[in-house]
Amino acid sequence: MQPTGEDLVSAEQEVTAHADNRAGMRFAIVAHHRTPTNVALTRTGTDVQLLPPAEALRTLEAGDVALGRLDVSERLDGIEIGLWELARLEGAGVRVLNRPRTLVAAHDKLATSRALAEVGLPHPRTAHVASVSDRIPFDPPVVVKPRFGSWGKAVSLCDDHSAFRHHMEDIADRPWFRNHGALVQELVTPMGYDLRLVVAGGSIVGVVRRVAAPGEWRTNIALGGHREPAEPTPELVELAIRGAASIEADLVGVDVLPTTDGGYVIIELNGAVEYTDEYAFDGRDVFESTIEALHPDAVAAVA
């Protein structure tokens with residue numbers, strides 16, 4: 001017998017009543033690692049847990065909230081396991097933030113480039129190469145990077161066609177290249193710094209200027225760069241929020257490069273952005289601001 005409309009309404013009320021009768025709504029960071037950012041987000045004074053994907057699937061129920069913070073695989077050949085679990089959680093009535101398609105769009109740099117282009121946001125000209133013989137539709141200098149990459153790993157600057165060809169030969173046998181190819185981007189003239197803005201729930205909760213080490217064109221902290229305080233100008237705020245919206249991100253880092261003409265371009269979106277107290281710009285705790293922007297009820301519950 002097919003269920004009637006009345007039966008479906010009754011079942012929905014039962015699920016809602018079950019969620020309401022529990023001790024409280026749970027908020028889980030779904031991630032594999034106890035990174036400084038993940039730990040800090042659990043120490044905001046709210047009932048926030050850090051759970052690996054499989055445990056989140058066993059633990060969370062309808063009405064709970066799960067924030068996907070899966071990162072790029074350390075092998076640079078894709079995304080950490082857990083997208084399937086996030087999809088299952090959403091199907092079970094859990095409110096999933098940073099849904100699977102968002103994490104794919106953030107971590108797959110080719111998908112990021114296409115998403116930004118679709119909404120007309122400034123981004124370096126980008127090409128995908130899958131073999132050593134592939135040609136690119138623009139001239140060097142270019143930056144070559146893994147399609148799934150992070151931490152500045154395997155990112156190289158090629159000043160001319162000869163350097164590009166030799167670099168392609170060098171990476172041809174690397175597993176990440178054999179699986180997904182590489183991304184090639186026109187070089188944005190280095191100004192010695194970039195800006196990372198953290199967008200949560202459609203608002204800016206953190207920003208910092210990252211300054212490159214002497215003699216280094218990349219601004220990665222792991223490569224000797226350092227952070228400086230920064231203020232999010234109206235132009236940067238609009239750019240970062242639109243960048244996050246282009247992939248429907250709930251919590252994302254938006255990396256922005258200044259240009260020689262005084263403008264900015266989005267260079268990357270980071271779906272598992274790491275940030276620190278140094279990102280605070282408005283006198284508030286940056287991690288409390290994040291949780292409040294994503295899930296105000298969690299903050300109100302302990303206020």
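**Exercise 1.** In this predicted model, determine in which sense strands β6 and β8 pair and over how many bridges.

*Solution.* Begin with the two segments, strand β6 at residues 142-146 and strand β8 at residues 182-186, which are joined by five bridges in the antiparallel sense. Next, take one residue as a check on the register: Val 142 stands opposite Glu 186 of β8. Then place the pair in its sheet, an open one of four strands that follow the order β5-β8-β6-β7 with antiparallel pairing. The edges of this sheet are β5 (126-129) and β7 (156-158), each of which pairs on one side only. Finally, with direction ignored, neighbouring strands of this sheet are turned by 30° against each other on average.

**Exercise 2.** Work out the strand order of the open sheet with parallel pairing, and state which helix α4 contacts it makes.

*Solution.* The order of the four strands is β2-β1-β3-β4, and the pairing is parallel. At the edges lie β2 (48-51) and β4 (95-97), each pairing on one side only, while the twist from one strand to the next averages 25°. Looking at one pair in detail, strand β3 (residues 65-68) runs parallel to β4 and is joined to it by three bridges; within this pair, the bridge partner of Ala 66 is Val 96 of β4. Helix α4 packs on the sheet, where it touches β1 (27-30), β3 and β4, and its direction makes about 145° with that of β4.

**Exercise 3.** Describe how helices α4 and α5 are arranged with respect to each other, and classify the residues of their contact.

*Solution.* The description of two packed helices rests on the angle between their axes and the distance between the axes. For helix α4 (residues 83-91) and helix α5 (residues 100-107), the axes come within 9 Å and cross at roughly 150°. Because angles over 145 degrees count as roughly antiparallel, α4 and α5 are roughly antiparallel to each other. The contact is made by Leu 83, Leu 86 and Ala 87 on the α4 side, and by Pro 100, Leu 103 and Val 104 on the α5 side. Sorted by character, the residues of this contact comprise six nonpolar, no polar and no charged.

**Exercise 4.** Establish whether Ala 106 is buried or exposed, and list its contacts beyond its neighbours within four places in sequence.

*Solution.* Locate the residue first: Ala 106 lies in helix α5. Its relative accessible area is 2%, and since buried means under 20%, Ala 106 is buried. Leaving aside neighbours within four places in sequence, Ala 106 is in contact with Thr 112, Ile 247, Leu 269, Asn 270 and Gly 271. As a check on separation, Ala 106 and Ala 249 are 143 residues apart in sequence, yet their C-alpha atoms are 8.3 Å apart in space.

**Exercise 5.** Characterise the hairpin of β12 and β13, and explain why β13 is described as largely enclosed by the rest of the structure.

*Solution.* Strand β12 (residues 251-258) runs antiparallel to β13 and is joined to it by six bridges, with Asp 255 standing opposite Glu 268 of β13. Between the strands of the hairpin there are five residues, and Gly 262 takes a positive phi near 90°. Turning to burial, six of the seven residues of β13 (residues 264-270) are buried, so this strand is largely enclosed by the rest of the structure. For the chain as a whole, buried residues make up 48% of the 303 residues.

Technical notes: Residues numbered from 1 in each chain as written. Predicted model: local features only at pLDDT ≥ 70, side-chain atom pairs only at ≥ 80, totals over all residues. Heavy atoms only, no water. Axes fitted to C-alpha atoms, helices over the stretch in contact; angles between N-to-C directions. Parallel < 35°, antiparallel > 145°, perpendicular 65-115°, else oblique. Contact = heavy atoms within 4.5 Å. Nonpolar A, V, L, I, M, F, W, Y, C, P; charged D, E, K, R; others polar. Pairing = 2+ DSSP bridges. Buried < 20%, exposed > 50% of the residue type's maximum accessible area, 1.4 Å probe, protein only.
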